[in-house]
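Open the model in your viewer and keep the selection tool ready. We will go from the whole chain to one strand, then to a ligand.

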Amino acid sequence: MRPLDREDASPEVKRFHQHLRQEVLPLRPSQYDISDTCNLFCEGCLFFAGSDHAGRRAADDLEAVDRFFAGEAARGVNYAEVAGAEPSLVEDKLVIMTRHIPHGVIYTNGTKKLTAEITHRLQISLWGLPKQSEKLRGADVVAKQVKNYRDDPRAIFVFTVTGDNVATIPDIVRFCADEGMRLSFNHYSPTESYLARLPAPAGARDDYFRFSDENDNLLLSRASLARSKDLIDAAMEQYPRTVLYDRAFNAWIHDPGGLHDLDPGTGVATHCACKITKSYRHFHADLTDAGEVKCATPNIACDSCRLYAQSLGTLLARRTRPALQGDGFEEWVRLWRLWYMLFWGNLPAEFDPAIAAPHRLAATVAEEAS
Ligand code: SF4
Ligand code: SF4
C-alpha cells in the first residue's frame with residue numbers, strides 16, 4: 001500500500017495544518033460592495049461594466065450600516081470580503097464593519113490611506129508602473145500608493161497581469177523589492193461586456209472602455225500566459241521575500257485551456273468554489289442581497305476567469321478531498337500557506353519559517369545568504 005503523503009508530511013507542514021484547523025477554519029465568508037463610486041477609471045473595470053450596480057445608491061446611514069454588519073456577524077459570517085467600487089472612499093463604514101467582523105480582506109486601489117482602526121488585510125491593486133498606470137487606470141497613482149502603503153503591515157500589493165503589461169513583470173517585482181513591499185499577482189479576467197465590445201468598439205466607448213479593440217487590449221493570449229508563468233516563476237526564485245506566490249498555483253492559474261468546466265447552456269463554471277450559496281452571499285452597496293447571481297463577480301466571463309482570490313479558493317476546494325485522503329497533502333497545505341499569507345496571517349505577511357515547507361525554507365535561506 002502506498003504510504004500516505006499526509007503521514008509523511010514534515011513537522012512544519014503538520015504544525016501549520018493544525019494551526020489552520022484550530023485558528024482559522026471553518027471560514028464563513030461573504031462579499032460586500034460598500035461604495036458606489038471610484039476615483040479611477042480602469043480599462044475593463046469589472047464593477048462598472050455591468051448593470052447590477054446601476055441605480056443603487058450606497059447606504060450612507062451609518063446606523064443602518066451598523067445594524068447590517070451586526071446582522072451579518074449574527075448570521076455567522078466570520079470573514080468579510082470587501083470590494084466595489086472603491087472601499088477606501090467610505091472609511092467610516094469600514095470601521096463599523098471591522099467592529100463586527102474583524103477578519104477579512106479589503107480590495108482597494110490604495111490612493112487613500114485607511115485608518116489603523118481597520119484591521120483587515122489590504123490588497124492594493126497595481127496595474128503597472130507610472131506610464132502603464134496612466135494608460136490603464138486613467139491616472140498615475142503609483143507614487144501615492146507607495147507613499148500610503150509601503151510601510152503598512154496590513155498591505156500587500158497585487159499586480160494585475162494583462163496582455164498589455166506582461167513583459168513588465170520583472171520591472172514591477174524589482175520595484176516592489178526595492179521599496180520593501182510584498183507582491184502577489186492577479187490575472188486580468190474580462191467581463192462579458194468587455195469581450196462583446198472588442199470587435200466593434202466605435203460608439204461603445206466610455207470611461208472604462210477608452211482604447212481597447214481587437215489589436216490593443218488586456219486579454220491574456222496563450223503566449224502571454226506562458227510568458228507570465230515563466231516570469232513569475234523566475235520572480236519567485238529571485239525575490240523570495242517579496243513575491244507571495246506558490247509554484248503549483250502558478251502552474252495551474254496559467255493553464256491555457258482555462259480553469260473551469262462550463263455548463264453548456266449558461267456558460268457558467270460548474271465547479272467554481274466561489275459561487276453564491278445559501279450562506280456565501282454577495283451584497284450591493286445599498287445593503288441589499290444580490291440574490292441568486294452566479295458569484296460575487298457576476299459580470300466576469302467564466303471561461304476566461306483567472307481572478308486570484310476566487311481561483312485560489314477553487315483550487316483549494318478541488319484538492320481538499322484527495323489531500324485529506326493522502327494524495328498531495330503537502331502541496332495542498334502549501335496552497336493554504338499562500339492563502340494564509342495573502343488573506344489572514346500575521347502582519348506583515350511574509351514567508352513565516354514556521355509554516356514553510358523545508359525545501360523552500362532551505363532555498364530561501366541560501367538565496368538570502370548569498
Ligand atoms: S480601482 Fe479601477 S477596477 Fe477598482 S473599482 Fe475603481 S475603476 Fe474599477
Ligand atoms: S468566480 Fe469566476 S469562474 Fe467562478 S463563477 Fe464567478 S466568474 Fe465564473
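Here is the tour of this predicted model, stop by stop.

**Stop 1: the whole protein.** Show everything as a cartoon. The protein has 13 helices and seven strands. Its C-alpha atoms fill a box of roughly 60 × 50 × 50 Å along the principal axes. The radius of gyration is 20 Å, which agrees with the value near 21 Å for a compact globule of 370 residues. Buried residues make up 42% of the 370. Now think about contacts between residues at least 6 apart in sequence: 73% of them join residues at least 24 apart.

**Stop 2: strand β3.** Select residues 104-108, which form β3. Is this strand largely enclosed or open? Four of its five residues are buried, so the rest of the structure largely encloses β3.

**Stop 3: one side of β3.** Add strand β2, residues 79-82. β2 and β3 are parallel and pair over three bridges. Find Glu81, which stands opposite Val105 in β3. Next, add helix α4, residues 91-100. β2, α4 and β3 together make a right-handed β-α-β unit.

**Stop 4: another partner.** Select strand β4, residues 121-126. β4 runs parallel to β3, and four bridges join the two. Look for Tyr107, which stands opposite Gln123 in β4.

**Stop 5: ligand 1.** Which residues are around ligand 1? Select Cys38, Leu40, Phe41, Cys42, Cys45, Phe47, Phe48, Gly84, Ala85, Glu86, Asn109 and Arg137. Colour this shell by class: eight residues are nonpolar, two are polar and two are charged.

How values were computed:
Residues numbered from 1 in each chain as written. Chains lettered and ligands numbered in written order. Predicted model: local features only at pLDDT ≥ 70, side-chain atom pairs only at ≥ 80, totals over all residues. Buried ≥ 20, exposed ≤ 12 C-beta atoms within 10 Å, placed from the backbone. Pairing = 2+ DSSP bridges. Right-handed = clockwise from strand over helix to strand, strands pointing away. Near = placed C-beta within 6 Å. Nonpolar A, V, L, I, M, F, W, Y, C, P; charged D, E, K, R; others polar. Rg over C-alpha atoms; globule rule 2.2 N^0.38 Å. Contact = placed C-beta atoms within 7 Å.
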